[in-house]
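Hi,

Here is the structure I promised to pass on to you. Have a look at it first, and then read on for what turned up in the core, the cysteines and the aromatic rings.

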Amino acid sequence: LERGGDVDTRCKAVDEFRRNGVLDTECNIQFGEGGAGTFSDGKLNTGIKDYRIGWIFERLVEFGAPDEILYMAKPHIGTDMLRETVKNLREKVIKLGGEVHFNAKFTGYTTENGEISQVEYTDSDGVHTINTHNVILATGHSARDVFEMLKDKNVSLSQKNFAVGVRVEHHRKDIDRAMYGDFAGHPSLKAADYKLAVHLPNGRTLYTFCMCPGGEVVAASSEKGRLAVNGMSCFARNAENSNSALLVNVNTDDFGSDDVLAGMYFQREIEEKAFISGGGDYSAPVTTVGAMLKGEKAESFGKVKPSYIPNTRFADISEYLPDFICESIKLGIVEMGKKIKGFDSPDAVITGTESRSSSPVRINRGEELQSLTVKGLYPCGEGAGYAGGIVSAAADGMKCAEKVIERLGGVL
């Protein structure tokens, strides 16, 4: 059951939002075929160690990813190739006898004796049910209504740490020069990437995340009146700017509440303020590093122009981010400038807000990977709090599938 549309329909919905500010809350950068990863840099590097990873990479190549991901140290697919890859994966699933229902929103389930017995979904034809005792729940980290539904049904959930911040943009060629030196521009070198982390006097950490060489900052909202951004690159990574998230660690103590969904409400409040700060029409609030460090409101751009569309509006980050995050970004970007020349350039552009780096909640599960509350329900992947990217989510999906097969008496 896929909440959003197929990848072609989804691309049209995303383009309509980016061009005209018309948001489809059911089909967007977060929801639809391939999930949030379809509109990303398509990074495949991961911090996990799992024997399943090689198999995952081989399947990705089989369905359209470039061969180089099998041997590159930092493999990526790019949003353009990912779109074709997920389409080919879907066609294979159908060929093998599977069914894929698009625009089918998971809205509920029923249980018998503590075991799941039926799921409910809605589409344009109304409400439908499927009888089943095994459900893999892989919602992604932005299906907030699902989190609320699970809470209402007393499913075991818990708060978790995550991170919030902004996107920073530099000229791609400036990053190339800073990273490659005299070799910058050599035809054998691809757009340079980086990964930075600095520990700050205030006890926080500022780090880069989902760095997109030669990419763009994209509108990643999924709820009306709330603004979020993300980064995206095509396989060639040849756009004018390079961008990265600048994230500050947020702990459960920062939520100010014991509610299991307090982290989600924390995200929502920031996104609502960013929406207002941007002018209330999904224009993104932006500033320059120079103005931000001076505590001033930017009035013009330097040599770096924001890539976000449909529009931007000058605003101070303090308008939408908590003080501890603002302080950490300002302290940390100066330290990062000591590691990469020009990283804290006054002309670099800051775009808010990056609030969807990971799930704000964990759907608790046991050793058999089933929900602690509902037998036969398998919380899976990034949305459930058990993965942090394309590869780790894929591996977690395989683990859940293996447990379902075992439960059905199959042999792996």
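A nonpolar core, as the term is used here, is a set of buried Ala, Val, Leu, Ile, Met, Phe, Trp, Tyr and Cys residues joined through side-chain atoms within 4.5 Å. Please keep in mind that this is a predicted model.

**The cores**

The largest nonpolar core has 45 residues, and the members touching the most others are Leu246, Ile317, Leu321, Ile329, Phe343 and Ile350. At least two residues each come from strand 6 (162–171), strand 8 (205–219), strand 10 (241–250), helix 6 (262–277), helix 7 (289–294) and helix 8 (323–339). Helix 8 gives the largest share, six residues.

Leu246 is a good place to start browsing. Leaving aside residues up to four places away in sequence, its contacts include Val164, Val166 and Val168, as well as Ile333, Met336, Phe343 and Ile350. There is also a second, separate core of 21 residues, with Leu137, Val146, Leu261 and Ile363 among them.

**The cysteines**

How many disulfides does a search of the whole structure find? Zero. For Cys27, the closest cysteine sulfur is that of Cys11, and no bond is possible because the distance is 9.0 Å, too far for one. Cys27 is buried, at 5% relative accessible area. Cys400 is not in a disulfide either: the nearest cysteine sulfur belongs to Cys380 and lies 3.9 Å away, whereas a disulfide needs the two sulfur atoms within 2.5 Å. Cys400 counts as buried, with 0% relative accessibility.

**The aromatic rings**

Seven aromatic pairs come out of a search of the whole structure. One of them joins Tyr194 and Phe343 edge-to-face, with 5.3 Å from centre to centre and 90° between the planes. This pair links distant parts of the chain, 149 residues apart: Tyr194 is in the loop between helix 5 (172–180) and strand 7 (197–199), and Phe343 is in the loop between helix 8 and strand 13 (349–354). Tyr194 is buried at 6% relative accessibility, and Phe343 is buried at 0%.

Phe255 and Phe266 make a tilted pair, because their ring centres are 6.0 Å apart and their planes meet at 50°. Phe255 lies in the loop between strand 10 and helix 6, while Phe266 is in helix 6. Both Phe255 and Phe266 are buried. In addition, Phe17, Phe275 and Tyr282 form one aromatic cluster.

Finally, two charges over rings: the charged end of Arg3 sits over the ring of Phe31, 4.2 Å from its centre, and that of Arg59 sits over the ring of Trp55, 4.9 Å from its centre.

Best wishes

Definitions and conventions:
Residues are numbered from 1 along each chain as its sequence is written. This is a predicted model: local features need pLDDT of at least 70, side-chain atom pairs count only at pLDDT 80 or more; totals for chains, interfaces and linings use all residues. Side-chain values use heavy atoms; hydrogens and water are left out. Buried means under 20% relative accessible area, exposed over 50%, partly exposed in between (1.4 Å probe, protein chains only). Helices (H or I, at least four residues) and strands (E, at least two) are DSSP runs, numbered from the N terminus. Contact means heavy atoms within 4.5 Å. Rings of Phe, Tyr and Trp (its six-membered ring) pair if their centres lie within 6.5 Å; planes under 30 degrees apart count as stacked, over 60 as edge-to-face and the rest as tilted. A charge sits over a ring if NZ of Lys or CZ of Arg is within 6 Å of the ring centre and within 35 degrees of the ring normal.
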